[in-house]
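Biologist: I would like a close look at a single part of this chain, followed by an account of how the rest is put together. Please take it step by step, in plain terms.

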Amino acid sequence: MTYSQRAKEIFKDEIRELETLGKAIDDNFDKVIDLIYNCTGKLVVTGIGKTGIIGHRIAASLASTGTPSIFLSAAEAVHGDLGMVSSKDVVMLVSNSGATNEILNIIQPLHNIGCTLIALTGDPCSKLAKECDYVLSTHIDHEVCPLGLAPTTSTTATTLMGDAIMVCLMEKRQFKAENFAIYHPGGALGKKLLGQVGKHMSVDVPKVQRNTTFRELVREMSNKHLGMTMVYDEHNGCCGIITDGDLRRAIQKYDDLHITAKDIMTPSFKHIHKEALLSDALAIMDKYNITTLAVTETAESEEILGIISIHHIIDFN
């Protein structure tokens, strides 16, 4: 057997274990999500060794997606770092065996503080599990390590459970890209969302007249690649917008497509001024479930300078 073949076996083995773990998740997971969501303090994730590294990653991921979280080393906790914990906090103790001394040693002090405890463990019958208020099992039948000793599948299971917690909390908080940018001002998305709309908009605005035929307006939209076109009245300026969705609805509504732009346009449209932040544009798009905005000189101006599309915001190429 080649190493590439062996690697494929390892992948399949871990996937089988993770599928079994996923099927075992019950409504206790719902209770943990509600507990963390409603926490008036912070989530403290604690562990040691390899599971401690994963715990650190879980805390960092949660903190960056809207859940106030810190990592507390179980080894340092008994030497004064428990001072970081308050009765309003929820503490998640990460230990695959549920029998790690450094973890067990801080359970009673945490009870004394008065915080709620969650065990994230591979042994739901362990001493750790019995001492906690909630238990999330990451139990797997075996490690892919040929000796059954090195943490492999178990660490993957713990990581995946942390990801599930993070994603569910993101969805419960309705965490959006503009929120992500706030917590990641140094990242690519964060830096971009703090940019101004006018510097990223397309100035090649798709334009048709009210009497433009269906075929002509489709051609204009296709040529400009923005999935929309503005509609103009020769006397009153811009008077509406047509999007890809409007085209699809027109095809369904009209048997005879000898129609013009005025028949399918939407008279009102959302706009934003050129000095607004891309994060503001993204928030408007998200609120109204749209993908483009007309860009004006000022908030009060009606003259359209360009179009900002969601692809201008999230495309980093």
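Modeller: Start with T292, which lies in strand 10, a strand that covers residues 292-296. The model is a predicted one. T292 has a relative accessible area of 10%. Buried means under 20%, so T292 counts as buried. What is T292 in contact with, leaving aside its neighbours within four places in sequence? The partners are L226, M228, M285, I307, I308 and S309. One of these, M228, belongs to the stretch 228-233, which is strand 7. I304 can be placed by distance: T292 and I304 are 12 residues apart in sequence, and their C-alpha atoms are 13 Å apart in space.

Strand 7 leads on to the charged side chains, since D233 is also in that strand. The side chain of D233 meets that of R210 in a salt bridge, with 3.8 Å from N to O. R210 is in the loop between strand 6 and helix 11, so this salt bridge ties together parts that are 23 residues apart in sequence. The two ends differ in cover: D233 is buried, with a relative accessible area of 17%, while R210 is partly exposed, at 32%.

A second pair involves helix 11, which spans residues 214-224 and contains K224. K224 forms a salt bridge with D204, and the closest N and O atoms of the two are 3.3 Å apart. D204 sits in the loop between helix 10 (188-193) and strand 6 (207-209), so the pair links distant parts of the chain, 20 residues apart. Buried or exposed, or in between: where do these two residues fall? D204 is partly exposed, with a relative accessible area of 44%, and K224 is partly exposed too, at 22%. This pair also has company, as D204, E220 and K224 are linked in a network of salt bridges.

A third pair is K42 and D89, whose side chains meet in a salt bridge of 2.8 Å, N to O. K42 lies in the loop between helix 2 (27-37) and strand 1 (43-47), and D89 in the loop between helix 4 (74-77) and strand 3 (90-95), so parts 47 residues apart in sequence are tied together. Both K42 and D89 are buried. Side chains of opposite charge can pair when their charged atoms come close. In total, the count comes to 10 salt bridges.

Now step back to the chain. It has 30 positive and 39 negative side chains, and the centres of the two sets are 2 Å apart. The chain is built with 15 helices and 11 strands. Its radius of gyration is 27 Å, well over the 20 Å that the globule rule gives for 317 residues, so the chain is more spread out than a compact globule. The C-alpha atoms fill a box of roughly 80 × 50 × 35 Å along the principal axes. Of the 317 residues, 43% count as buried, and T292 is one of the buried residues. The accessible surface comes to about 17200 Å², with 52% belonging to carbon and sulfur atoms. Among contacts between residues at least 6 apart in sequence, 61% join residues at least 24 apart.

Notes
Residues numbered from 1 in each chain as written. Predicted model: local features only at pLDDT ≥ 70, side-chain atom pairs only at ≥ 80, totals over all residues. Heavy atoms only, no water. Helix = DSSP H or I, 4+ residues; strand = E, 2+ residues; numbered from the N terminus. Rg over C-alpha atoms; globule rule 2.2 N^0.38 Å. Buried < 20%, exposed > 50% of the residue type's maximum accessible area, 1.4 Å probe, protein only. Contact = heavy atoms within 4.5 Å. Areas by Shrake-Rupley, 256 points an atom, 1.4 Å probe, with all protein chains shown as cover. Lys, Arg positive; Asp, Glu negative; His and termini not counted. Charge placed at Lys NZ, Arg CZ, Asp CG, Glu CD. Salt bridge = Lys/Arg side-chain N within 4 Å of Asp/Glu carboxyl O.
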